[in-house]
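The following paragraphs offer a guided reading of a single protein chain. They begin with the chain as a whole and then turn to its individual parts.

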Amino acid sequence: NSWYGRVAGVGFALLGWIAAVDSPVAGPAAYGTRFVRADQALPGSAAGPASSGAVTPADAGRYREQLAAVELEAGPYADALAEPLAGLARGHRQAGDYERALATYRRALHIVRVNDGLYSERQIPLLREMLITYRESGDLESLDERYEYFFRVYGMGRPPYTPLRLRAALEYLRWQREALLLDLPGNRDRRILDLIALNGSLLESVMADTAAPFSWKRGLALSQVANLYLLQDQFEPGIEETSLLRGRELVDPIPLVESLDNQRLDNALRSAYIKGRLLLEELRSLEPESEAAERAALTLALADWHHWNGSRQRAAQVYGEVVDALRQAGEESLLEAWLGEPVELPDNGAFLIPSSSNGPNEQVRARFDVSEMGRVRAIEIEALTGEAIAELGSFRRKLAATLFRPRWSTGEATAVRGLQRDYRLLD
């Protein structure tokens, strides 16, 4: 009877019926997968900035002198070697010599492990700089592997929880979503299922901890909602519900593990809408009423979730609650910022990945209407950069499939005509 168990344990037959009633025949295209607004900053590397300050040639020379002196005095595994090695590796990274940088970071990590143990937290600054190095070098498969070790060092999401461990867990969950969007090698079905299970387990543990701050619960719950957006957009049912046993399976059976994964994925897809709804409703009920803006933000996320899943009547009701709450709290500026003009959905950054993953971007300008249902009409587009001309047809189709949050600041959904926005095209 745990908190998350109550959310996750609703009968799948009922979930399938509700999803079938509320979901549109074809889902909308997710905003952020192929283009973003030109005025919207893409997130930076989830690993965060490395050590500040450039490593000059003089600095590198001093690091080498320190290494030689320490090795001569204390040997090749001396604890004091780790710091100059890290500085030297940073210099290689800043110079773009990623191979030498990684080799030097690995040596520094090995020395820390020899002296402090395999899961010493003193490795963390080195691990973070290695994550940046893999990302900058474009070696995303190695980055994926290193994130697994990074997560182990931070306790693999197990208690006792601390702010540092929770931030690391959320960072690891964000990376798993990015890996899915980048289509890295591996079993995609297994990755999304494991991601949802891990996020759910973390959320259940934190919800059961009466001393855990609400910010932890909100962060993990919103992370799970982002996972569910990804699940709905990136995956499709793999089992034919009209026939539980096809004739060919008698002579060519599906392997048991694959069959179980298919069933898990189908169940996750059928339950995604109501599970996301229950998560957001429960989270909103836990937000103190005194925090009007934060509570309204969760209500807006719930309204967007209904709208994305085709439950227009429920979405309209909840958007109205956002308008009423912000007006009563005197938050007119927030009301205009959130609901004063149409917004591309999802609006939670679930499909945005760091700019270094996308390379150079071409730009286009679009003029279009957005109906009171959030649908795009009357599109006119022009290229703002030379090579974007070849992408105009593809961009038009993607923009037409994008669902918007309608303008709601007046208290009811209203169409907006002649909206003009510049977009960056993503690879």
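**A guided reading of the chain**

Of the 427 residues in the chain, 47% are buried. The model is a predicted one, and its chain contains 15 helices and six strands. The accessible surface amounts to about 20,400 Å², and carbon and sulfur atoms account for 51% of that area. When contacts between residues at least 6 apart in sequence are considered, 74% of them join residues at least 24 apart.

The sheet is a suitable place to begin. Strands of a sheet pair through backbone hydrogen bonds, in either a parallel or an antiparallel manner. Here, four strands make up an open sheet whose order is β1-β6-β3-β4, with antiparallel pairing. Its edges are formed by β1 (35-37) and β4 (376-383), each of which pairs on one side only. From one strand to the next, the twist averages 35°. Within this sheet, strand β3 (residues 362-370) and strand β6 (residues 416-425) are joined in the antiparallel sense by eight bridges. One residue of this pairing may be located directly: valine 364 has tyrosine 423, in β6, as its bridge partner. Helix α15 (residues 392-400) packs on the sheet and touches β1, β3, β4 and β6. The direction of this helix makes about 150° with that of β4.

Strand β6 also holds aspartate 422. This residue counts as partly exposed because its relative accessibility is 24%, and the range for that class runs from 20% to 50%. The C-alpha atom of aspartate 422 is separated by 6.2 Å from that of alanine 366, although the two residues are 56 residues apart along the chain. Apart from its neighbours within four places in sequence, aspartate 422 is in contact with Val36, Arg37, Ala38, Val364, Arg365 and Leu384.

The aromatic residues provide a further view of the structure. The chain has 13 aromatic pairs. In one of them, the ring centres of phenylalanine 150 and tyrosine 154 lie 4.9 Å apart and the planes meet at 65°; the pair is therefore edge-to-face, since that class requires planes over 60 degrees apart. Phenylalanine 150 is buried, with 0% relative accessibility, and tyrosine 154 is buried at 3%. A second pair, phenylalanine 368 with phenylalanine 404, is tilted, with 5.7 Å from centre to centre and 55° between the planes. Because phenylalanine 368 belongs to strand β3 and phenylalanine 404 to strand β5 (residues 404-405), this pair ties together parts that are 36 residues apart in sequence. Both of these phenylalanines are buried. In addition, ring pairs link Tyr31, Phe35, Phe395 and Tyr423 into a cluster.

Attention may now pass to helix α6 (residues 124-137). Its 14 residues reach 20 Å from the first C-alpha to the last, close to the 20 Å expected at 1.5 Å a residue. Is this helix enclosed by the rest of the structure or open to the outside? Helix α6 is largely enclosed, because 11 of its 14 residues are buried. Among the buried residues are Ile124, Leu126, Leu127, Met130, Leu131 and Ile132, together with Arg128, Glu129 and Arg135. The cover over the buried residues of α6 includes α4 (82-94), α5 (98-116), α7 (140-153) and α8 (163-181). After α6 comes glycine 138, which has a positive phi, near 85°.

Definitions and conventions
Residues numbered from 1 in each chain as written. Predicted model: local features only at pLDDT ≥ 70, side-chain atom pairs only at ≥ 80, totals over all residues. Heavy atoms only, no water. Helix = DSSP H or I, 4+ residues; strand = E, 2+ residues; numbered from the N terminus. Buried < 20%, exposed > 50% of the residue type's maximum accessible area, 1.4 Å probe, protein only. Contact = heavy atoms within 4.5 Å. Areas by Shrake-Rupley, 256 points an atom, 1.4 Å probe, with all protein chains shown as cover. Pairing = 2+ DSSP bridges. Axes fitted to C-alpha atoms, helices over the stretch in contact; angles between N-to-C directions. Phe/Tyr/Trp six-rings, centres within 6.5 Å; stacked < 30°, edge-to-face > 60°. Expected span 1.5 Å × (residues − 1).
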